[in-house]
Amino acid sequence: MAIELYPSSFRCDCGHDSYFFENTVREMKNMSIHKRVRLSDSEDNKHTIIFFQGKAIEIICPQRGTCTITDSQ
Ligand SMILES: [Zn+2]
């Protein structure tokens with residue numbers, strides 16, 4: 001299962017970790033209160049994190065498609 005790794009990283013179902021700056025994730029969470037926003041990492045194996053209602057809800061994986069974020073650590 002995809003998980004959020006506190007404070008600003010995300011692990012996909014496929015085992016890929018996406019790292020972001022803490023400020024970036026905080027900003028995305030604020031922006032996502034009323035609409036969905038997307039944050040992509042800049043790696044070859046590109047993953048996109050979807051934020052909505054102030055939290056990260058899904059990871060879009062190039063191999064597995066949409067993975068729901070079910071947990072945070
Ligand atoms: Zn993945």
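Val-37 has Phe-51 in S5 as its bridge partner. That pair belongs to a predicted model, and the two strands around it, S4 and S5 (residues 48-52), run antiparallel to each other over four bridges. Zoom out and you get an open sheet of seven strands with mixed pairing, plus a helix, H1, that packs on it. A handful of charged and polar side-chain pairs fill in the rest of the picture, including four salt bridges.

**The sheet**

- Reading across the open sheet, the strand order is S3-S2-S1-S7-S6-S5-S4.
- S3 (17-19) and S4 (37-40) are the edge strands, each pairing on one side only.
- On average, neighbouring strands of this sheet are turned by 30 degrees against each other, if you ignore direction.
- As a reminder, strands in a sheet pair through backbone hydrogen bonds, in either a parallel or an antiparallel way.

**Edge strand S4 and its partner**

- Besides the Val-37 and Phe-51 bridge, Ser-40 stands opposite Thr-48 in S5.
- S4 is two-faced: Val-37 and Leu-39 sit on the covered face, while Arg-38 and Ser-40 sit on the uncovered one.

**Helix H1 on the sheet**

- What does helix H1 touch when it packs on the sheet? H1 (residues 22-31) touches S1 (2-5), S2 (9-11), S4, S5 and S6 (55-61).
- The direction of H1 makes about 160 degrees with that of S4.

**Salt bridges**

- The structure has four salt bridges in total, and three of them are described here, including the one between Glu-4 and Lys-29.
- The side chains of Glu-4 and Lys-29 come together at 2.8 Å, N to O. This pair links distant parts of the chain, with Glu-4 in strand S1 and Lys-29 in helix H1, 25 residues apart.
- Is Glu-4 buried or exposed? Glu-4 is buried, with a relative accessible area of 11%, whereas Lys-29 counts as partly exposed at 23%.
- Glu-22 and Arg-26 form another salt bridge, with 3.8 Å between the closest N and O atoms. Both residues lie in helix H1, four residues apart, or about one turn of the helix.
- Both ends of that helix pair count as partly exposed: Glu-22 has 41% relative accessibility and Arg-26 has 46%.
- Glu-58 and Arg-36 also meet through their side chains in a salt bridge, at 3.8 Å, N to O. Glu-58 is in strand S6 and Arg-36 is in the loop between H1 and S4, so this pair ties together parts that are 22 residues apart in sequence.
- Glu-58 is buried, with a relative accessible area of 18%; the cut-off for that label is under 20%.

**Ser-18 and its surroundings**

- Ser-18 is found in S3, one of the edge strands.
- Why does Ser-18 count as buried? Its relative accessibility is 2%, and buried means under 20%.
- The side chain of Ser-18 makes a polar contact of 2.7 Å with the side chain of Asp-41.
- Leaving out residues up to four places away in sequence, Ser-18 touches Ser-8, Ser-9, Phe-10, Asp-41, His-47 and Ile-49.

Conventions: Residues are numbered from 1 along each chain as its sequence is written. This is a predicted model: local features need pLDDT of at least 70, side-chain atom pairs count only at pLDDT 80 or more; totals for chains, interfaces and linings use all residues. Side-chain values use heavy atoms; hydrogens and water are left out. Two strands pair if DSSP finds at least two bridges between them. Axes are lines fitted to C-alpha atoms, for helices over the stretch in contact, and angles run from 0 to 180 degrees between N-to-C directions. Contact means heavy atoms within 4.5 Å. Buried means under 20% relative accessible area, exposed over 50%, partly exposed in between (1.4 Å probe, protein chains only). A polar contact is a pair of N or O atoms within 3.5 Å; within protein, one must be able to donate a hydrogen and the other to accept it, and residues adjacent in sequence count only if both atoms are side-chain atoms.
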